[in-house]
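Here's a small set of exercises to work through with the model open beside you. Try each task before you read its solution.

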Amino acid sequence: MTALHAAITGWGEALPPAILTNEDLSTFLDTSDEWITQRTGMKERRVSHVSAVEMATVAAARAIACAGLTPADVDLIVYGGCTNEEAVPNSASGVQVALGATRAAAMDVNTACTSFLYGLSTATAMIRTGMARTAVVIGVELITQYMDWTNRNVAVLFGDGAAAVVVQASDRAEGLIGSVLGCDAEARQSLRVRGLGCSYANKAVSLGDTIWDFDGQVIFKRAVHGMAAASARVLAEAGVTADQVDLVVPHQANLRIIEAVARSAGIGMDRVMVTVHRYGNMSAATVPVSLVDALKEGRVKPGSLLLMPGFGGGLTYGAVLVRWGDRVTPLGESSMTLPPCDRTALELVHEIRARQDPHGRSAAGLMAPVFAESRVPHQG
Ligand code: UT7
């Protein structure tokens, strides 16, 4: 039986506790709180002490409990992100086994920072066509492990985190009501992490090296254009005006990008959710974490219309429009938590740096798994 709609009924996040401040970064990079704040709006970001799959599992468990469901109810897991631990097996299968969601199909979606938006669109389409009924869509990233900590152009920008939503078949007109996805591939060379991927095996740049090609100004301009154009199109196609949008929950790469996109849409910053100051750019995790924070802060109301534009490597872009349902409070809580962290963020970063040579390359050339085996997260 096909469903007309796919409602978002659960949400949860998993943020590592270790906080890396701008001052921390300036202890080992030629940078300053003033530069980072003025150019990006960022103040802090998180550094994970656990694997991406562990963060994703905790976020998913919280989203499932929030929806009043159990892992056995889930028939699809979509794992969105680009910092996967392994290519084979995929990361979604790691979440499936850690959750005990044995009925669930498990797929990874990698469109870099837009992976959550692409994943949410994919899960919604699968539910509407009857291929799935209850999906968990995750946005997760463990960028600090793949960061070139010698390169101030990128090292100050990113952080780790995860969040997830549950999407369920519904007869009510809620959930995704519009989705525009695209790819500005002509400029795909402007954002590349050399060393992540099979083509680097046995080459001068080895698998596991983390040398970033990052043309910030090109990405900036194309991000503003891509997010603004996708936002305008998704609104027009849904037949709604910018005035009707209650809250914009954008990708958080730079406060100046967010302001430019809001300006282009004619939406005041009072209707924009900003989290870039507290988490930096968590790539695929930024939109869902910002959504969960907006719910916690009471900024999503029953029936709210949400616009979520995003942009990332590829250069992929997109904007989705979500009509929220009646419920803005969780039905239940999961006992799953991240394990405690006994190190500061700066200590965690220095551990990663110790594994890299002065050019950001991993000491062993081939990066050994950082977290030997993804553990089942703590039951609190
Ligand atoms: O989520 C994926 C998508 N990513 C993005 O959308 C990122 C888009 N790009 C940006 O957000 C901005 O381009 C950046 C924040 C990356 C850079 O800001 P910018 O205003 O474009 O600065 P810039 O690259 O033009 O650099 C200006 C100056 C340069 O020095 P000179 O050549 O003027 O002497 C840089 O070397 O700032 C210097 N600089 C820094 N200084 C202190 C670059 N990074 C730093 C730093 N600290 N961390």
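**Exercise 1.** How far is an oxygen atom of the ligand from an N or O atom in the side chain of glutamine 217?

*Solution.* First, some ground rules: this is a predicted model, where local features need pLDDT of at least 70 and side-chain atom pairs count only at pLDDT 80 or more, while totals for chains, interfaces and linings use all residues. Residues are numbered from 1 along each chain as its sequence is written, and side-chain values use heavy atoms, with hydrogens and water left out.

Now pick the glutamine 217 side chain: the separation comes out at 2.4 Å. That's a polar contact (a pair of N or O atoms within 3.5 Å; within protein, one must be able to donate a hydrogen and the other to accept it, and residues adjacent in sequence count only if both atoms are side-chain atoms). Next, try asparagine 254, where an N or O atom of the side chain is 2.7 Å from a ligand oxygen. Finish with arginine 256, which places a polar side-chain atom 3.0 Å from an oxygen atom of the ligand. Taken alone, the ligand exposes 960 Å², and the protein buries 74% of that (Shrake-Rupley areas with a 1.4 Å probe).

**Exercise 2.** Which helices each supply at least two residues of the shell around the ligand?

*Solution.* Start with the shell itself: 21 residues surround the ligand, and the closest are Thr31, Arg39, Gln217, Asn254 and Asn281 (a residue is near if one of its heavy atoms lies within 4 Å). Then map the shell onto helices: H2 (33-40), H6 (152-155), H7 (216-238) and H8 (255-265) each give at least two residues. Helices are DSSP runs of H or I with at least four residues, strands are E runs of at least two, and both are numbered from the N terminus. H7 has the largest share, with 4 residues.

**Exercise 3.** Where are the cis peptide bonds joining valine 88 to proline 89 and glycine 314 to leucine 315?

*Solution.* Take the proline case: omega is about 0°, and proline 89 is in the loop between strand E4 (76-80) and helix H4 (91-99). For the glycine-leucine bond, omega is near -10°; leucine 315 belongs to the loop between strands E12 (305-312) and E13 (316-323).

**Exercise 4.** What is the mean pLDDT of the protein?

*Solution.* pLDDT is the predictor's confidence in each residue, from 0 to 100. The mean is 93, with 91% of residues at 70 or more. Then check residues 363-370: pLDDT is below 50 there, and the stretch has 14 contacts beyond near neighbours in sequence (contact means heavy atoms within 4.5 Å). Where pLDDT is low, don't read the predicted coordinates in detail.
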